[in-house]
Amino acid sequence: MVAYRILITNKIPDIAAKLLRDKGYNVLIPEDERSVGREQLEREITQIDGLIPLLSDPIDRPLLEKAKRLKVIANYAVGYNNIDIEYARQKGIIVTNTPDILTNATADLAFALLLSTAKRIVEADRFVREGKFTGWGPLLMLGADVTGKTLGIIGAGRIGQAVGRRAAGFEMNVLYTSRSPKADFEEAAKAKYVDLNTLLAKSDFISIHCPLTAETRHLINRQNISKIKRGAYLINTARGPVIEETALIEALKNGHLAGAGLDVYEFEPRITADLLTMDNVILLPHIGSATYDTRSKMAELAAKNIISVLETGKALTPVN
Ligand code: NAP
Ligand code: GLV
Ligand code: GLV
């Protein structure tokens with residue numbers, strides 16, 4: 001029997017290649033941190049049985065049309081908006097993601113952004129490094145309280161709910177909007193299910209946790225930003241295009257929004273230049289799941305999904 005051929009488009013924790021090689025599979029993985037790139041992906045897609053792409057690799061229809069024996073795509077991410085799921089399904093290719101294991105790491109980051117925007121942590125650090133700290137000041141670097149304030153969660157799934165539970169520990173009032181209400185979450189975080197307009201109008205902090213879909217693209221557009229309470233903070237650790245970035249920048253400039261904490265960008269990895277000049281914005285390089293343990297678990301799960309599909313025809317965590 002010919003060994004299965006698996007392509008991992010980037011260097012990821014070693015456990016993935018190890019598990020696959022232990023099965024006798026032929027594993028292709030770059031030696032350094034450069035991606036294999038579209039050209040090689042287009043060449044390889046014709047001969048591989050399994051693929052582990054990153055969220056930054058578009059696995060679109062033109063690419064998938066070239067696949068001849070591909071049976072499983074194990075995305076190295078929980079979000080899978082980079083993959084044409086419907087076309088993969090039509091071709092009988094199983095797509096998997098990495099749910100649950102990255103929930104806490106990502107929720108920690110969202111809450112870190114919330115606290116950091118409120119307390120101006122990054123700006124204050126820059127201030128000290130620039131030698132500007134001359135002593136305690138009654139009016140120095142004043143920010144916003146968190147305790148007792150209202151957090152609005154858009155998309156109360158795994159990560160959104162984990163952020164809500166953290167907020168409950170900070171005695172925040174938690175509002176959320178999702179496609180359906182979540183009884184367990186309401187109990188755990190004393191959270192209240194509201195419509196989007198109510199959430200926008202009542203929240204002091206808004207944190208986005210829905211997936212990027214046709215429905216959520218530009219959900220936070222100019223019109224909806226105008227419905228946000230004046231002086232609120234916006235946190236985004238979901239996907240950049242959920243926010244219309246030009247409208248966000250406008251609202252930050254005119255003071256309608258007090259600040260923003262962003263881990264993701266509309267035109268990622270390009271950052272709209274205006275954002276780089278704003279002190280009330282914290283900009284992170286898409287590091288929600290970036291902990292040693294979590295990234296290692298993601299690599300393990302992606303490899304186990306590949307093995308499970310190739311050996312049994314069934315995935316551990318399928319999305320289609
Ligand atoms: P999840 O459990 O599927 O949660 C997503 C939630 O969004 C679901 O509760 C869903 O509601 C809700 N939703 C879907 N469409 C909506 C809409 N139109 N309006 C409002 N809510 C909507 O996914 P997760 O594991 O929490 O991950 C969420 C997203 O976070 C991922 O898709 C990914 O893009 C992003 N992410 C980013 C990082 C990072 O590094 N920054 C790390 C991990 C994940 P229902 O439950 O009611 O259907
Ligand atoms: C990261 O953004 C993920 O979707 O896992
Ligand atoms: C601040 O350092 C205080 O003691 O209030």
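For the class counts used below, Ala, Val, Leu, Ile, Met, Phe, Trp, Tyr, Cys and Pro are nonpolar, Asp, Glu, Lys and Arg are charged, and the others, Gly among them, are polar. The exercises concern a predicted model.

**Exercise 1.** State which residues surround ligand 2, and sort this shell by class.

*Solution.* Begin with the list of neighbours: ligand 2 is surrounded by L55, A77, V78, G79, L102, R239 and H286. Next, apply the classes, under which Leu, Ala and Val count as nonpolar, Arg as charged, and Gly as polar. The shell around ligand 2 accordingly has four nonpolar, two polar and one charged residues.

**Exercise 2.** Identify the polar atoms that lie by the oxygen atoms of ligand 2, and state how much of the ligand the protein covers.

*Solution.* Take the backbone first: a backbone N or O atom of G79 lies 2.8 Å from an oxygen atom of ligand 2. Then turn to the side chains, where a polar atom of R239 lies 2.7 Å from a ligand 2 oxygen, and a polar side-chain atom of H286 is likewise placed 2.7 Å from an oxygen atom of ligand 2. Finally, consider the surface: ligand 2 on its own has 200 Å² of accessible area, of which the protein covers 88%.

**Exercise 3.** Describe the surroundings of ligand 1, from its shell to its backbone contacts and its burial.

*Solution.* The shell comprises 25 residues, the closest being I159, R179, K182, T237 and D263. Sorted by class, the shell around ligand 1 holds seven nonpolar, twelve polar and six charged residues. With the cut-off for a polar contact set at N or O atoms within 3.5 Å, the backbone can be examined residue by residue. A polar backbone atom of T237 is 2.8 Å from a nitrogen atom of ligand 1, one of G288 is 3.1 Å from an oxygen atom of ligand 1, and a backbone N or O atom of A156 lies 3.4 Å from an oxygen atom of this ligand. As for burial, ligand 1 taken alone exposes 930 Å², and the protein buries 87% of that.

**Exercise 4.** Give the bounds of the two domains and characterise the interface between them.

*Solution.* The domain assignment gives domain 1 as 5-101 + 292-312 and domain 2 as 103-283, and their C-alpha centres lie 32 Å apart. At the interface, nine residues of domain 1 are in contact with five residues of domain 2, and about 600 Å² is buried between the domains, 45% of it on carbon and sulfur atoms. L55, N81 and D100 supply 62% of the area that domain 1 buries against domain 2, more than any other three residues. For specific pairs, the rule finds zero salt bridges across this interface, while two residue pairs are in polar contact, both at pLDDT 80 or more. By class, the side of domain 1 that touches domain 2 has four nonpolar, four polar and one charged residues.

Terms used. Residues numbered from 1 in each chain as written. Chains lettered and ligands numbered in written order. Predicted model: local features only at pLDDT ≥ 70, side-chain atom pairs only at ≥ 80, totals over all residues. Heavy atoms only, no water. Near = heavy atom within 4 Å. Polar contact = N/O pair within 3.5 Å; in protein donor to acceptor, adjacent residues only side chain to side chain. Areas by Shrake-Rupley, 256 points an atom, 1.4 Å probe, with all protein chains shown as cover. Domains from an automatic or database assignment. Contact = heavy atoms within 4.5 Å. Buried area = accessible area lost by both parts, 1.4 Å probe. Salt bridge = Lys/Arg side-chain N within 4 Å of Asp/Glu carboxyl O.
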